[in-house]
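Reader: I should like to go through this structure with you, beginning with the overall architecture. Could you take me through it?

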Amino acid sequence: MNDTVERKASSRRLAVGPTGSGRTTWLQERYRELLADGVSSSTVLVLVAHAARVGEWRDTLGEPAAAGLSIYTFNGWAQRELRRHWPRLGRGGPEPHFLTADVAQFLMERRVRQALERGELAELTATPQRTALLLEGNLGVIAAAAGVPPEELPARMAGGVGAKESSVFVQAAALLEGYHAALSQAQVLDYGLCLALYRELLRDPAYGEFLAGELRYILVDDLDETLPLAQELIELLMGRLEGGFLTYNTDGGHTRFQGADPEGAWRRFAPLCAQVPLEGCRTATPQLAEFGQALFRRLMGEEVTRLFPLEDIRTEFRGEMLRQVVETLRRELAAGAVPGELAVVAPAVDPVLEHTIAGGLAREGVGLINLTRSRRLRDEPYALALVSLLLLANPAWGLAPSVGEMTHTFRLLLDLDPVRGFLLGRAVAGSFPGALPDLAERGLLPRVGFAKGEAYRRVAEWLTARRAEELPVDVFCHRAFGELLAPLEPAQDHLVYCRQVIQSAARFRSVAQVLPELGGAPVGRQFAELVRGGTVAAEPLIARPEDDRRVLLATPYAYLAAGAVSRVQVWVDLDAAQWLRGDAKELVNPRTCTPAHPADLAWTDAEEEAVRLENAARTVRALARRCTDRLIVAGSLLDSRGFEQDGELAEALQEVAG
Amino acid sequence: MSGGWRLRSGQAAVVAYTGGYLAVPAVPGAGKTTALAHLAARLIAEGGVGKGRILVVTYQNSGVSNFRERIGTLLQERGLPPARGYEVRTIHSLAAQILRRRPERRLLPERPLILDEASRDHILRDEVRRWRRNHPDTLQNFLEPRVRQDLQVRARWEEAFPGLVRQIVAHCKAHRLAAAPLAAQVGKLSADSFLRPALEVYAAYEAALRREGALDFDDLLVHAYELLRGEPEFLERLRRRWPFVFEDEAQDSSPLQEELLTLLAGPEGNLVRVGDANQAIMSTFTNADPDLFRRFCRRPEVLVRSLRESGRSSRDIIDLANHFMRWVREEHPWAACRDALEEQTIQPVAPDDPHPNPNPPGYHILTRRFASQSEEMGHVVGRLPRALAVPEHTVAVLFPTNRQAEDFARLLERRGIPYRTITRTRPEQQRLAQGLGDLLDFLAAPHDREALGRAVAGLVPEAGADAAWQAALRATAPEELLFPLEERAGRLPAPAAAGPLAAQLEGLVRRLGEWLELAWSLPPDALLLQLAEELDLEEADAAVLQAVALEVRRRLAREPQLDLVQLGPQVRELVRQAGHVAAAVYDRQGFHAEAGVVYVTTFHKAKGLEWDTVYLMQLNEGDFPSTPTVHMRGDLDYLGERFRPDRLARRELSHLLGEEVLGEEDLTAVKEEEIRERLRLLYVGITRARENLFLGAVDPSRGMAPSQAFRALEESVRRGGEVRRERA
């Protein structure tokens, strides 16, 4: 710790408290004090843990308080700074291209498939999709955030699962390194590279000077969720700026699996700051807060000293459990609950769960919003239509649309019933890659109807004209939307997904222009494969959970990340093993992928067991502290595939509930 | 006595167990579940498990419910919570549970996909097809030259080949032999070795599973075992969680299963294994090894407490079973097979036992020979109405093969005799698969009149005979029926609109239109879930469909363009073959035979069940061989001298691993193993009956021959009848 930092300790404060103790409110009050003291908002930097918090901060502060204020997630901040200071890094080119997560996944997945074909990664049991996600989305980020050099990765990966270093880890690390090298060469950055380059920037004294000249104060919410690299930035600023206000959630640290280092944050900043303890819980009843603490203690191995009776749904089959959960939600709604006050929390959200709850609520005219990104963009009808039209307009790509895709598309375009849509879809798919069929010649005109036949003819003419052009993929999608889909007056949700397709296409094209490995095949074709392949997820349509008029469905992590608070929470699949999950995965263990952990030291079973229990304990305590009225729990003996479930959390709850 | 229950002396001895290794050889109907349940309850009530719990492992889902209910009831009687202090698992659920704690240690994802048999076979068949494309003539070269051009034989061989490969793969996994190292040694095998293609497919299959992030059931056990072996801390923690391990049906254990449970119990631990070596009937088609339990019983450190008393069957049936056991051990014509049954005499229970042996007046065991299979079936069918007329009397007819059982079921159907089949694919599954499959086929091809007709007939069976509806179907285009361009009051055209089924069909046609809208707007997995609700399925059927929907979702990740057109056939297969989940949901309540209906099943499927009257059919040499020279069902004669390629492949594998010297091919040992198992199968058949037993066989004049076992039983029955008459 340097002397300059020590001298400034009095203008540095760290608010410490559990969930619901008002840390964010305290931080916002500090900001208002700064404004009142004449500090310009443009000289204040606010770092928040999740993208959703950015909008919340602006809404809460309102105008003019929020005007000019820089509020970022660390990812957003790093990207902004890399754009601004790109020349300083000497990488060439005017600016970097940032990959979206989907395209990054797509690129890494291709490399993984190639590796598998070469016989590499043979010891792994994982889909290429998962391997790509672990390498690009997890390992690459965690290693970069912690500053772990690539040559240490194989040993740390092996140690992370208690194994000896073997070829699979060497191959996986080499895959990641090769991927990053290819991106770097083209000035294309995924999140991991972004962090690695930002580390370089942070090391540049001139950059520190620059920041010190631009900023006066740093405010950081949820310090417990910060990456080590973010902590380096914060420490730099704490040493150079006039002051800093930080908050630390003693219930937090839910993003360790993504590389967050709450213990490191505490070690760095607790000695630097005056601590402000925050108590109480504004987001839960005292009873639920106590219950959460009791459950925490029980999971950490302590005795249960008081009982908290709970409403409990227990069934043999999972389907029956879900039906009873729906009945419970209906009962709450009938008793006057507003949908947005209710939340269903499940350790994993699968189609059976979502469908049952959504269907049951729909019968009451109530919607369900799923915070987990589980829908594929290709399942959105308008998105699928855009991509299908793209294929029809480019027969030279050799990507034949299926009968199903054509049926969907023409049903949408011509407002056809399923039978007539199928007849037309089958005819169009059958004629590909030739000219679109003439309905009269095929004898389909009487079956489809003459009015629809005329509408089809116009679409066919439009496509024929497009076949003669070679429009860039995003331009084509934009035209198709404007000229064919927009006149259908789609609902707001559909408009959002169309926009997502067009924006994704534009970003993909801009990256393809600089990245050689995307140069082999037509850009539009690759984009179509990306969407059709299901890689691209449909963005969940929610701004702020508490404003929503729909019942919330989320995993614990998504629920907590969204900052949700509910009047009634229903915890489902109580017997599922996923309620108690460790951080170690088959290719990445964030606990061993940090310089603080010796590179050759294996992660033990006892350590992982402790992590598993502690993660669960913190999670359920935090959830309970975000419930203002009642908690209902539900579990089943069998999961949806007919396997008996573990029931560890259910056992703990049984002891606490009595 | 135990808590108000009266235990038999053998049961009481088991319940008195305090620790260590205990073997409990139990005769059929001895009440082993009762004994184990009482033991568990006693240990829990006395605090013998501390903070841990008793782990009860059984091999059937019906056993899981049974144990849970019994132990729960006993605990409640003692004023204790019914669900604490124990866990009941099938072996595969246990393995999955173990793996879920530390999947990363086995380089597995946190929720590895566990494939049901249907999905496993789907992937295996894909790999076989791929292998055959790369080796277009190899398969046919296994055939005897004289039949190579016979298209029917070639088709049969192509049909059998994937199943044989599956057996080799299962064998390799049961012995923890990884695919890649074996495939690397394929060059040492001769070009005509059956093991060669099997290992090549195994390697490809393994690679395919890994790319899917998936495990099959065999993998579950291998990984769980390796995890426990490689993680001593983790193992120790599980041993503290489960200080007692109980295994039911231990005679069906495989070497790997035995190793897994022994590892969990620990060398100084507490392991109770209950089984009946005389009912080991799975070894010829699974990895079960009947000698494992026998050897366990003989280990010096293992305490043995037998359960010999059985209240299930009448004295006469018990005497017959015991006589059969002695005949096998002392007089079987093939000496090497005399060890098929253990020296284990069934004893009737004490006269004052609360559940005494049935005591029907007279001698109720019959044997008979017939000129043909159809004569035998016809005879039995003729006797059934009388058996069914007895109040609260349950009846079953058992056959050696599924096909024979199905033929008999069709005969009952024609004669209007109420029946239920107990087959691998349950009737509920068949109905669900058929009905759903027809509906999906229609939704995928809504322009197809025939598909529409089948879908309607599946939901309104009478529609098939409704002339007005059939005429409307022929005369009206489907799109006009379902989505008329011009507004009209009803969907059905005249005269269907005036027919007897008009209201029903009108409603159905509208619903079909709604379902079509769903089908062409939802992803396939979501459609299945929606249909489960729309069709208002029974809970168990809905649970199966939910599992199928999850599998379809998985396939969508692999084949993103999977749509309705492919969905129907895949869903049919998935529902029919949904072995694990179907067992979990349909069998959970256990089996309770009902009076007034004939149960038709195979000897294998009858194990663990019982009825008042049992007919054992087709006790011929073909299915119950007496010597290795007899042709057996598993013999693939079209392969010539290598008519048992799977067994030969196993021997080659042992040789490849340096464990065996490959001499002249001798399949005698293979056949002897089968003879032994069929003898035990017959023993199982005999011991299903409580009061009345019928044994039938076909006479040699028609080319078949009654088995030697049947002849021995026939003789015993003749003498038994005399003894009975003398006694009377």
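Author: Certainly. Please bear in mind that this is a predicted model. Of the 658 residues in chain A, 60% are buried.

Reader: How many helices and strands are there in chain A?

Author: Chain A contains 27 helices and 14 strands. Its radius of gyration is 27 Å, close to the 26 Å given by the globule rule for 658 residues, so chain A is as compact as a globular protein of that length. Along the principal axes, its C-alpha atoms fill a box of roughly 85 × 60 × 60 Å.

Reader: And what share of the contacts in chain A joins residues at least 24 apart?

Author: That share is 79%, counted among contacts between residues at least 6 apart in sequence.

Reader: Which domains is chain A divided into?

Author: There is domain 1 (3-83 + 197-277), domain 2 (97-186), domain 3 (311-375 + 542-657) and domain 4 (377-532). The centres of domain 1 and domain 4 of chain A, taken over C-alpha atoms, are separated by 47 Å.

Reader: Let us look at one residue. Where does Arg83(A) lie?

Author: Arg83(A) belongs to helix H4 of chain A, which covers residues 74-84.

Reader: Why does Arg83(A) count as partly exposed?

Author: Because its relative accessibility is 41%, and partly exposed covers values between the buried limit, under 20%, and the exposed one, over 50%.

Reader: What is Arg83(A) in contact with, leaving aside neighbours within four places in sequence?

Author: Arg83(A) is in contact with Glu95(A), Pro96(A) and Phe98(A). Glu95(A) is 12 residues from Arg83(A) along the chain, and their C-alpha atoms are 5.9 Å apart.

Reader: Turning to chain B, what does its secondary structure come to?

Author: Chain B has 28 helices and 16 strands. The radius of gyration of chain B is 28 Å, close to the 27 Å from the globule rule for 728 residues, so chain B is as compact as a globular protein of that length. Of those 728 residues, 60% count as buried.

Reader: Which domains does the assignment give for chain B?

Author: It gives domain 1 (9-100 + 220-307), domain 2 (116-214), domain 3 (365-425 + 604-628 + 667-727) and domain 4 (428-576). Between the C-alpha centres of domain 2 and domain 3 of chain B there are 36 Å.

Reader: Finally, how far apart are the mean positions of the positive and negative charges of chain B?

Author: They are 3 Å apart, for 98 positive and 105 negative charges. For chain A, with 72 positive and 87 negative charges, the corresponding separation is 4 Å.

Note on methods:
Residues numbered from 1 in each chain as written. Chains lettered and ligands numbered in written order. Predicted model: local features only at pLDDT ≥ 70, side-chain atom pairs only at ≥ 80, totals over all residues. Heavy atoms only, no water. Helix = DSSP H or I, 4+ residues; strand = E, 2+ residues; numbered from the N terminus. Rg over C-alpha atoms; globule rule 2.2 N^0.38 Å. Buried < 20%, exposed > 50% of the residue type's maximum accessible area, 1.4 Å probe, protein only. Contact = heavy atoms within 4.5 Å. Lys, Arg positive; Asp, Glu negative; His and termini not counted. Charge placed at Lys NZ, Arg CZ, Asp CG, Glu CD. Domains from an automatic or database assignment.
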